[in-house]
Amino acid sequence: MGTPPWRINEVLDRAQNGPICLEKDFDSNLFVPELKRVIKEYDICFDKLTPVPSDDTLADSIWKAAMDFYLTVGTLCTDTYRRIVFTENEIKEALGNFPGRFTLGFGRDSREITGRQIEDKRRPFCLFSPDITCDEDLFVPMSMAYLQEPLADGVCAPILDEIEGMSIRSGSPSEIKGSVAHAMMFREAARRVGRPGIFLKSVGTAESDAAQIAASNPEWGERLTDGRFVASVTELKVDNSLLNKMVHFHTYGCFVGALTGPIFGGFAGGPEGTAIVGLAYHLQGLLVNQAHFLNYFPFHLKHTCNTMRELLWVISITYQALSRNSNLISLSNGFTAAGPCTPMVLREAATHSLVSVVSGSNLWEIAVAKNRNKNFATPMEARIACEVGCGAAKERISRSDANEIALALLKTYEEDIENAPLGKSFRDCYNIRKIKPSVEYMDLFNRMKKELKDNGVPFVY
Amino acid sequence: MVIERLYEALKKSVEEYKPEKAKKITKELLEAQVDPLKVLDEVLNPTMEEIGEKFDNMDIFLPDLMGAAEAMQAATSILTEQIKKSSTKPTESKGKVVLGTVLGDIHEIGKNIVKIMLETSGFEIFDLGKDVPSLKFIEKAEEVNADVIALSALMTTTMHSQREVIELLEALGKRDNYIVLVGGNPTSENWKKEIGADGWAETAVEATKLITKMISEKVR
């Protein structure tokens, strides 16, 4: 099995010699009209009463629409003003050679990740992540808190924005220093919880290519069994810095993930466009980012979360289309409106994972409090999401049952999304010294778990 | 009645994103001797305000906003030309805004939405793009005699560049010359206070209202 990587030099060549296209033309004269065309041509329609559709024809139509769209539009390299485009045969070649499974991490702590099917009974791969910045003194305890979660197959660390009293500035030496420290401390945290070989996804502190490259070191930093991300620029764009990361990660030999978040309300427009762009991102991830797996987080432009019905539909139909038409590996990344230690965040997290898993995804849980508040994340939100996700797989919940449960859960929080409660920071609802949730949060968690179970939400135990 | 019908048609052309139609109707209005300022005040500005509110509520999306802005600008350019011809005084914008995404940050979508809203509200915009070195904001503001420097950041590791622009302005003795606004997902009212910016807005509509208010009141 050859891919990934799929022909790195082809991608680099096309980034330098592909058809010239200015960014404004790409957005306004290609991306937007082509997206409108395929939505109409393939008759893609969002139904607000069905956040989890059970319509295989719709799933296949949206896949075809995304293939058509990506074949026409491609990916823009903003530094060279070139479009990186592929033929249908090339896309089929890359898809056809994708192995569909990898072993992440090493030794006793390694875990297998696979592409999943709709209503798959196999347990999803669960990656636990705070997805937020934290104070420097919290980095190790917060990392350990996530790493010690029993359901975690892999963990992503919080992000540092300060190192030894210096603010970390992207592109500066402080970023390189912070990124190296991030990689070292994260590995230390994994060993301290007794899981030295667990799959680690790093280095979120490193925005620049130089800082990512600086953190690659099998002895003290990022190992070959760990995963790294290549992001993209909204929408369907890359630049030289992102391609630099891709080349480095592949030549270094670690696992590569594509970080993809189409924006609902942005260039992608409404739910239909966001789902099509989401699938196009999966193709871009395979062909341009040359990724082994994707992190997928479509989100709402204004509320920066994805637990409202429009986004749940986007997530569900994207994964159904992906599962029926490929064996690509993708992790659904939840973004909630509410923050830690609130009933709302636990309801949102449960809804996100339920919808994702029955539709065919793995889990990456979970960014909370609209992903903008430093220190506002704890493993409890990821824990409930993954307990529900694993429960949904174990009980083999159907799409139609998941739809009913999601509709009932939406009633409990949807109207509060705009003014969602911020909740409490990690410092305020975790015992930092003992690395345990506060009694208050544990009680709330147990109460909410009972309430959710009583309302038909599946749990693994 | 004819004028009212033309007003309605112009509004519709903007709402339906038809720049050619907007141009044609605007020319007809001018041929009918309608005051171009009246067209701006009574039709185009309120229409764009409505569209901005719809976008803020996510009843419409960015491509719709861009389409409406294009139609609006097509009509506005004809009206502005006419105002220039018929007035002895040069036409003035509501204010000059130097705008960009700060150093190290390549995210532009939020900044571009703010740009559309400000442009269609009558501000003169100098868009420096993304990953802009801090001193460039100041150099451009000096060059064009700007009223406002607006700084966008999407990453926690890049928002510090907003502080850097303010520190540079202070060090150069130019802090009082400009209203400095900050925005972007990780920023907040508290962040604004912490770094000594003059204003923070969560959405493009709020940013437009805030800049309009601050320029008119000269609040710094």
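**Exercise 1.** In this predicted model, decide whether F264(A) is buried or exposed.

*Solution.* Start with the relative accessible area of F264(A), which is 4%. Buried means under 20%. F264(A) is therefore buried.

**Exercise 2.** Classify the aromatic pair formed by F264(A) and F61(B), and place each residue in its chain.

*Solution.* A search of the whole structure gives 18 aromatic pairs over all chains. Take the pair of F264(A) and F61(B): the centre-to-centre distance is 5.3 Å, and the planes stand at 70 degrees. Ring centres must lie within 6.5 Å, and planes over 60 degrees apart count as edge-to-face. The pair is edge-to-face.

Now locate the partners. F264(A) belongs to strand β15 (residues 263-264) of chain A. F61(B) lies in the loop between α3 (36-56) and α4 (62-86) of chain B. The pair thus crosses between chains. Finally, check the burial of F61(B): its relative accessibility is 16%, so F61(B) counts as buried.

**Exercise 3.** Which residues form one aromatic cluster with W364(A), and over which ring does the charged end of R383(A) sit?

*Solution.* The cluster joins W364(A) with F125(A), F199(A), F229(A) and F293(A). For R383(A), the ring is that of F445(A). The charged end sits 5.6 Å from the ring centre.

**Exercise 4.** Find the nonpolar surface patch that includes I20(A), then describe the setting of I20(A).

*Solution.* The patch consists of I20(A), L22(A) and Y81(A). Together they have about 340 Å² of accessible area. I20(A) is in the loop between α1 (8-17) and α2 (23-41) of chain A. Its relative accessible area is 61%, so I20(A) is exposed.

Methods. Residues are numbered from 1 along each chain as its sequence is written. Chains are lettered from A and ligands numbered from 1 in the order in which they are written. This is a predicted model: local features need pLDDT of at least 70, side-chain atom pairs count only at pLDDT 80 or more; totals for chains, interfaces and linings use all residues. Side-chain values use heavy atoms; hydrogens and water are left out. Rings of Phe, Tyr and Trp (its six-membered ring) pair if their centres lie within 6.5 Å; planes under 30 degrees apart count as stacked, over 60 as edge-to-face and the rest as tilted. Helices (H or I, at least four residues) and strands (E, at least two) are DSSP runs, numbered from the N terminus. Buried means under 20% relative accessible area, exposed over 50%, partly exposed in between (1.4 Å probe, protein chains only). A charge sits over a ring if NZ of Lys or CZ of Arg is within 6 Å of the ring centre and within 35 degrees of the ring normal. Patches are made of residues with over 30% relative accessible area and no salt bridge: like charges are joined within 9 Å, nonpolar side chains (Val, Leu, Ile, Met, Phe, Trp, Tyr) within 5 Å. Accessible areas come from the Shrake-Rupley method with a 1.4 Å probe; for residues, only the protein chains shown count as cover. A salt bridge is a side-chain nitrogen of Lys or Arg within 4 Å of a carboxyl oxygen of Asp or Glu.
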